[in-house]
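Let's take a quick tour of a protein model, looking at its cysteines and at one of its strands. Have the sequence and the 3D view ready as you read.

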Amino acid sequence: MDAFDFTLKDHAGTDRSLHDWRGKWVVLYFYPKDDTPGCTSEACSFRDANEALLAQDAVVVGISKDSVESHAAFRQQHALPFTLLSDPTHETIEQYGAWGPGFMGHIGTKRQTFIIDPQGKIVKEYLKVTPAQHATHILNDLAVLQSR
């Protein structure tokens, strides 16, 4: 399935579109809120695996409905080397099916991830994510996907 293209502001206020990363593997992850325990654990797992992901020609892109300013502070506080995008209207989050009932039934962003191949196709979906081990699963699955 083709990935939905979008244009959202990044942590620096610059417009970024999915097609900006065409030709690379994209780990597109949706998360509920900056600087909360699970979201921080997940982001830091991607931070710690970033060199290995780059070696696999993959980039990490995180999306939540938090503001550009919140993303900038979150990136700085945890030395996150990848792009965070702000989707305050949650339009893109909804396009990917990552909006709905989550923790304790609250409506919001669900923790979900998609691997998008260099041609822009979704090749793997993670609809249930364990934050601390997530990057390891991604690395292993990327190796399998790239060997096909």
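Here's a short briefing on the cysteines first and strand E5 after that. Keep in mind that this is a predicted model.

**Cysteines**

- How many disulfides does a search of the whole structure find? The answer is zero.
- As background, a disulfide is a covalent bond linking the sulfur atoms of two cysteines.
- Take Cys-39: the closest cysteine sulfur belongs to Cys-44 and sits 11 Å away, so the two are too far apart for a bond.
- Seen from the other side, Cys-44 is in no disulfide either, and its nearest cysteine sulfur is that of Cys-39.
- Is Cys-39 buried or exposed? Cys-39 counts as buried because its relative accessibility is 1%.
- Cys-44 is buried too, with a relative accessible area of 14%.

**Strand E5 and its side chains**

- Strand E5 covers residues 83-86.
- Thr-83 and Leu-85 point one way from the strand, while Leu-84 and Ser-86 point the other way.
- That fits a general pattern: in a regular strand, side chains alternate between the two faces of the sheet.
- Whichever way they point, all four of these E5 residues are buried.

**Neighbours of E5**

- Strand E1 (residues 7-10) runs antiparallel to E5, and two bridges join them.
- On the E1 side, Asp-10 stands opposite Leu-85 of E5.
- Strand E4 (residues 58-64) runs parallel to E5, with four bridges between them.
- Ser-64 has Ser-86 in E5 as its bridge partner.
- Helix H3 (residues 68-78) joins E4 and E5 in making a right-handed β-α-β unit.

Conventions. Residues numbered from 1 in each chain as written. Predicted model: local features only at pLDDT ≥ 70, side-chain atom pairs only at ≥ 80, totals over all residues. Heavy atoms only, no water. Disulfide = S-S within 2.5 Å. Buried < 20%, exposed > 50% of the residue type's maximum accessible area, 1.4 Å probe, protein only. Pairing = 2+ DSSP bridges. Right-handed = clockwise from strand over helix to strand, strands pointing away.
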